[in-house]
Amino acid sequence: MKKNKAIDWKNYDPNDFFDELIAAKGKPRPVATAITDYLGNLGSEEIQARQQAAELAILEMGISFTIYSEGENIDRAWPFDIIPRVISLREWETIEQGLAQRLTALNMFINDIYNDQNIVKDKVIPKYVFANSKNFREQCRGFTPPLGVWAHICGSDLVRDKDGTVYVLEDNLRVPSGVSYMLENRQLTKRVFPELFDNTSILPVDDYTNQLFDMLASISPRPQDHPKIAVLTPGIFNSAYFEHSFLAQRMGAELVEGADLVVGEDDCVYMRTVEGLERVDVIYRRIDDDFLDPEEFRADSTLGVPGLMRAWRNGKVGLANAPGAGVADDKVIYAFVPDMIRYYLDEEPIIPNVPTWMCVNKQDQEYVLEHLDELVVKPANESGGYGMLVGPHSTKKQRAEFARLIKKNPRNYIAQPTLNLSVAPTLCDEGLAPRHLDLRPFVLQGVRTYVTAGGLTRVAMRKGSLVVNSSQGGGSKDTWIVDEEN
């Protein structure tokens, strides 16, 4: 009996979008020929069986995320599509340089803002931009952390437009999440397509936790010793708790909650253990500034550690990311990153920003209000795809509400064109179909800068949707950086 082909690439149509695997109907991109040829020779039942095997592995491995719905925390299995996204090493090397350039400039900006504010004095950035920032922390004024680095871990979201141009959509500098899913996606794909990893030069990603440990160790106040590192989590009900425990385990670090730590009279941080107090050198904190230290921020916080800011400022503990780093995790600040790169590094940005209108500027605001049906409007400090208006998919009532919000608080809103996000072949209810996606690479900065080989590709599983967040129906794929010359 003749085996049905799972995929006839001549029938796969990415429509008018840039497709990450397929250049045109029936024509895979050179970097994707290994995976497209392979899939083209598998039967439809075989592909479905492998997808089901991946989903079963996700349940067995306990890979989950939490969504908050109607006052309840609901654990969901991680949504994963077995068909990877593929990028050539040649293209990736340029992106990697651009990400390192960007984080270097952002760290220089944060340090400048909390100290001399030269970028304001030289009129490159208006003072109101950060003075009204929700994440500017007066408690950090006059301080420079070790190595001058505030944002040690950054997850920058990249998108590709219709013409193939890669843009930075936003920078996540407070508590960027998702790297554990990048690592688990690779393990799942190796299970599903082991043969391809034997015959294709796919760059590895599994050294990330070693790189993370080394970066954290580089900010230890006791560099000569093997540092004691702790991952500070809000607890099991946090949506990213799986990742907190995953990273702690992989690094050989302690997973702690605020109540497990105490700041001593010597300003050092100690962990409570059955054998007594044990000093902690570096804390990878996964809780927001507001909850970090009830002596300095929210007095009602039970998640943080009283005195932690004092210990940090006195150089007795390293904190990653540093408190106050979120001043640059603001969609209004984002608009000025190309100017920061020119100002601090005297270089042109390698990766461009998406064109951005700032509603605090009168001309920009007028344009945005007149074109709400065409634009994506975002609040300055929300994340996860919440609180935004996607103009082309909005109702008249929604646009009227956003017009009111913008006029009421223009500093809090920016607008961007609705990009024709790139697509990739994805297994859906109707079979194989193009779905929109983005990419979150992770960048570490300590003594040196490290960029993951690829990152977390998030995919909008719903037809026509541009929202890739897992909390709103998105899924994910493994990301392959392929060396075509090997």
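**Buried charges and strand pairing**

Arg102 is buried, with a relative accessible area of 3%. The model in which this arginine is described is a predicted one. The partner of Arg102 is Asp171, and the two side chains meet in a salt bridge with an N to O distance of 2.9 Å. This pair links distant parts of the chain, since Asp171 belongs to strand β7 (residues 166-172) and Arg102 to helix α3 (residues 89-113), 69 residues apart. Asp171 is likewise buried, at a relative accessible area of 5%. Because buried residues are those under 20% relative accessible area, the values of 5% for Asp171 and 3% for Arg102 place both partners in that class.

The salt bridge between Asp171 and Arg102 belongs to a total of 31 found in a search of the whole structure. Salt bridges also link Glu20, Arg85, Glu91 and Arg160 in a network. A further pair is formed by Asp290 and Arg137, whose closest N and O atoms are 3.4 Å apart. Asp290 lies in the loop between β13 and α10, whereas Arg137 lies in the loop between α5 (127-131) and β6 (153-160), so this salt bridge ties together parts that are 153 residues apart in sequence. The two partners fall into separate accessibility classes: Asp290 counts as partly exposed at 29% relative accessibility, while Arg137 counts as buried at 10%.

Another salt bridge joins Arg285 and Asp289, with 2.7 Å between the closest N and O atoms. Arg285 counts as buried at 3% relative accessibility, and Asp289 counts as buried at 5%. Arg285 also takes part in strand pairing: in β13, Arg285 is the bridge partner of Leu232.

A contrasting case is provided by Asp293, which is found in the loop between β13 (282-285) and α10 (308-313). Asp293 is buried yet lacks a salt bridge. For this residue, the nearest side chain of opposite charge is that of Arg310, 6.1 Å away. Because a salt bridge requires a side-chain nitrogen within 4 Å of a carboxyl oxygen, the separation of 6.1 Å between Asp293 and Arg310 lies outside that limit. The side chain of Asp293 instead reaches the backbone nitrogen of Gly307, at 3.1 Å. When neighbours within four places in sequence are left aside, Asp293 is in contact with Arg298, Val305, Pro306, Gly307, Leu308, Met309 and Arg310. Gly307 is thus both a residue in contact with Asp293 and the residue whose backbone nitrogen is reached by the aspartate side chain.

Parallel pairing involves strand β8 (residues 229-232), from which Ile229 and Val231 point one way and Ala230 and Leu232 the other, all of them buried. This arrangement can be set beside a general pattern. In a regular strand, side chains alternate between the two faces of the sheet. β8 pairs in the parallel sense with β13 over 4 bridges, and the bridge partner of Leu232 in β13 is Arg285. β8 also pairs with strand β9 (residues 254-256), again in the parallel sense, over 3 bridges. In β9, Leu255 is the bridge partner of Val231.

Antiparallel pairing is found in an open sheet of 3 strands, ordered β10-β11-β12. The edge strands are β10 (261-263) and β12 (276-280), each of which pairs on one side only. From one strand to the next, the twist averages 40 degrees. β10 and strand β11 (residues 269-273) are paired over 3 bridges in the antiparallel sense, and Leu261 stands opposite Met271 in β11. These two strands form a hairpin with 5 residues between them, and Asp267 in the turn has a positive phi of about 70 degrees. On the other pairing of β11, 5 bridges join this strand to β12, and the two run antiparallel. The hairpin that joins β11 to β12 passes through 2 residues. Met271 stands opposite Glu278 in β12, and Leu261 stands opposite Met271, so that Met271 has a facing residue in each of the edge strands β10 and β12.

Note on methods. Residues are numbered from 1 along each chain as its sequence is written. This is a predicted model: local features need pLDDT of at least 70, side-chain atom pairs count only at pLDDT 80 or more; totals for chains, interfaces and linings use all residues. Side-chain values use heavy atoms; hydrogens and water are left out. Two strands pair if DSSP finds at least two bridges between them. Axes are lines fitted to C-alpha atoms, for helices over the stretch in contact, and angles run from 0 to 180 degrees between N-to-C directions. Buried means under 20% relative accessible area, exposed over 50%, partly exposed in between (1.4 Å probe, protein chains only). Lys and Arg count as positive and Asp and Glu as negative; His and the chain ends are not counted. A polar contact is a pair of N or O atoms within 3.5 Å; within protein, one must be able to donate a hydrogen and the other to accept it, and residues adjacent in sequence count only if both atoms are side-chain atoms. Contact means heavy atoms within 4.5 Å.
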